[in-house]
Amino acid sequence: MEYTKKSGFATLVGRPNVGKSTLMNHLIGQKIAITSDKPQTTRNRIQTVYTDERGQIIFLDTPGIHKAKNKLGEYMVSVAEHTLKEVDVILWLVEPTTFIGAGERHIAEQLNRVKTPVILVINKIDTVKNQDEILTFINAYKDICPFAEIVPVSALKKRNTDVLLEQIFKYLPYGPQYYDEDTVTDQPMRQIAAELIREKALRLLSDEIPHGIAVTIEKMTERENGIMDIDASIICEKDSHKGIIIGKGGSMLKRIGSAARREIEDMMDTKVNLQLWVKVRREWRDSEIYMKNYGYDGKDI
C-alpha cells in the first residue's frame with residue numbers, strides 16, 4: 001500500500017527551561033505540557049499530536065537532560081536519553097547565546113551517538129534586539145553536531161514555527177496516521193489535571209519547594225448535572241513546606257486551587273469542584289515505591 005501522507009515521531013530535547021513545553025503547546029495549538037520558569041518542570045514523556053494536510057507529527061516532550069541528583073532525576077534523564085533512539089527526528093532547543101556550557105556539551109555528546117537527524121532550534125529569538133546576532137549564535141553551534149537543519153524561532157511569539165513544522169515533515173517517512181485527526185494527546189484526563197495543579201503550584205511557590213512536589217488525583221467523578229468533582233493531593237517532602245503550600249489561613253492553597261480550577265474547566269469545558277489537600281512524604285524523590293505511586297515508574301522507558 002502506497003501512503004500519500006507523512007507520519008512519524010519527533011522529540012524535543014534540551015536543557016531544563018529552554019522552552020520545550022511552550023514550543024510544543026504552540027505547535028499543536030493547545031496547552032498540554034505544563035510550563036513554568038522553574039527548571040525540570042516536565043517529568044514524564046508527554047505525547048502530543050499535530051495533524052494537517054501534510055500528515056501527522058507525534059511529539060514527545062521529554063524531561064530536560066541534566067545531571068541527576070536523585071532517583072527521580074535519574075528516571076527523568078533515562079526517559080529523555082532513551083527517546084533519542086526511538087524517533088524520526090530530534091529537535092534540540094537552545095537559547096540564543098554564543099556561550100556553549102557544560103550542559104549543552106553533555107547533550108551534544110548524546111546526540112552525536114545517534115543516527116537520527118537533529119534540527120537545532122534556537123528559541124527565544126524575540127529576546128534578541130539585533131536580529132543579525134542570530135547568525136553569530138548559529139555559527140557558535142553549527143560545528144558541535146552534524147545538524148540536519150538550524151531553525152531560529154520564538155515559541156512565545158510563534159515566530160518561524162511554520163518553517164519549523166515544514167522542516168520536521170521533511171524528515172518524516174510516508175506512512176499511516178497513528179491517531180484520529182482530532183486527537184491532540186494520549187495523556188489521560190486525570191494526568192493532565194494533576195499536571196495543571198502542579199504547574200500552578202510551581203508558579204506560585206518559592207524556589208526551594210517545587211522540585212519536591214508531586215500531585216496525585218485521589219478522585220475524579222462527574223455528577224448528573226455535569227459538574228466534575230476532583231479531589232487532589234499535593235505531596236511535599238517537609239512539614240515546613242506543607243505550611244508554605246497551605247499558606248496563612250489556607251491562602252496559598254486557595255490561590256493554587258482557583259488558578260488550576262479555571263484551566264481544568266477550560267480544558268474539560270465543564271464546571272469543576274476542586275478540593276486540594278497537602279501531604280508530607282519525606283524524601284519521596286529517592287523512594288521507588290513513592291515514585292511509582294506518583295506516576296514515575298519507568299514503564300515507558
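This report describes the fold, the nonpolar cores, the strand pairing and the aromatic pairs of one protein chain.

## Overall picture

The structure is a predicted model. The chain has 301 residues, and 54% of them count as buried. Its secondary structure comes to nine helices and nine strands. Among contacts with a separation of 6 or more, 72% are between residues 24 or more positions apart.

## The nonpolar cores

The largest nonpolar core contains 28 residues. Within this core, the residues with the most contacts are I197, I230, I234, I245 and I256. Several elements give two or more residues to the core: the helices α6 (189–204) and α8 (251–268), together with the strands β7 (214–222), β8 (228–236) and β9 (272–280). A second, separate core has 24 residues, including L60, L84, V87 and I134.

I234 offers a view of how the largest core is put together. When its neighbours within four places in sequence are left aside, I234 is in contact with I197, I213, A214, V215, I245, L253, I256, L276, W277, V278 and K279.

## Strand β8 and its partners

How many of the nine residues of β8 are buried? Nine of the nine are buried, so the strand is largely enclosed by the rest of the structure. Both faces of β8 are covered. On one side the buried residues are M228, I230, A232, I234 and C236, and on the other side they are D229, D231, S233 and I235.

β8 pairs with β7 in the antiparallel sense over eight bridges. In this pairing, A214 stands opposite I235 of β8. The two strands β7 and β8 form a hairpin with five residues between them. In the turn, G226 has a positive phi of about 95°.

β8 also pairs with β9, here in the parallel sense over nine bridges. I235 of β8 stands opposite K279 of β9. I235 therefore has A214 opposite it in one pairing and K279 opposite it in the other, while I235 itself is buried.

## Helix α3 and residue E133

Helix α3 covers residues 102–112, and its buried residues are E104, I107, A108, Q110 and L111. Where do these buried residues lie when seen down the axis of α3? They fall within an arc of 160°, so they line one face of the helix. A general property of helices helps in reading this pattern: an α-helix has 3.6 residues a turn, so residues three or four places apart point the same way.

E133 lies in helix α4. At 35% relative accessibility, E133 counts as partly exposed, because buried residues must be under 20% and exposed residues over 50%. E133 and P96 are 37 residues apart along the chain, and their C-alpha atoms are separated by 8.8 Å.

## Aromatic pairs

A search of the whole structure finds four aromatic pairs. One of them is formed by Y50 and F169, a tilted pair with 6.4 Å centre to centre and 55° between the planes. This pair links distant parts of the chain: Y50 belongs to strand β2 (residues 46–52), F169 belongs to helix α5 (residues 161–170), and the two are 119 residues apart.

Another pair is formed by W92 and F147, whose ring centres are 5.9 Å apart. Their planes stand at 35°, so this pair is tilted. It also links distant parts of the chain, with W92 in strand β4 (residues 89–94) and F147 in the loop between α4 (133–141) and β6 (149–152), 55 residues apart. W92, Y141 and F147 form one aromatic cluster.

The table gives the relative accessibility of the residues in these two pairs.

| Residue | Relative accessibility | Class |
|---|---|---|
| Y50 | 15% | buried |
| F169 | 4% | buried |
| W92 | 0% | buried |
| F147 | 15% | buried |

## Cysteines

A disulfide is a covalent bond between the sulfur atoms of two cysteines. How many disulfides does a search of the whole structure find? The search finds zero. C145 is buried, with a relative accessible area of 5%. C236 is buried as well, with a relative accessible area of 0%. C236 belongs to β8, on the side of the strand that also holds I234.

Conventions. Residues are numbered from 1 along each chain as its sequence is written. This is a predicted model: local features need pLDDT of at least 70, side-chain atom pairs count only at pLDDT 80 or more; totals for chains, interfaces and linings use all residues. Side-chain values use heavy atoms; hydrogens and water are left out. A disulfide is a pair of cysteine sulfur atoms within 2.5 Å. Buried means under 20% relative accessible area, exposed over 50%, partly exposed in between (1.4 Å probe, protein chains only). A nonpolar core is a set of buried Ala, Val, Leu, Ile, Met, Phe, Trp, Tyr and Cys residues joined through side-chain atoms within 4.5 Å. Helices (H or I, at least four residues) and strands (E, at least two) are DSSP runs, numbered from the N terminus. Contact means heavy atoms within 4.5 Å. Rings of Phe, Tyr and Trp (its six-membered ring) pair if their centres lie within 6.5 Å; planes under 30 degrees apart count as stacked, over 60 as edge-to-face and the rest as tilted. The arc is that of the directions from the helix axis to the C-beta atoms. Two strands pair if DSSP finds at least two bridges between them.
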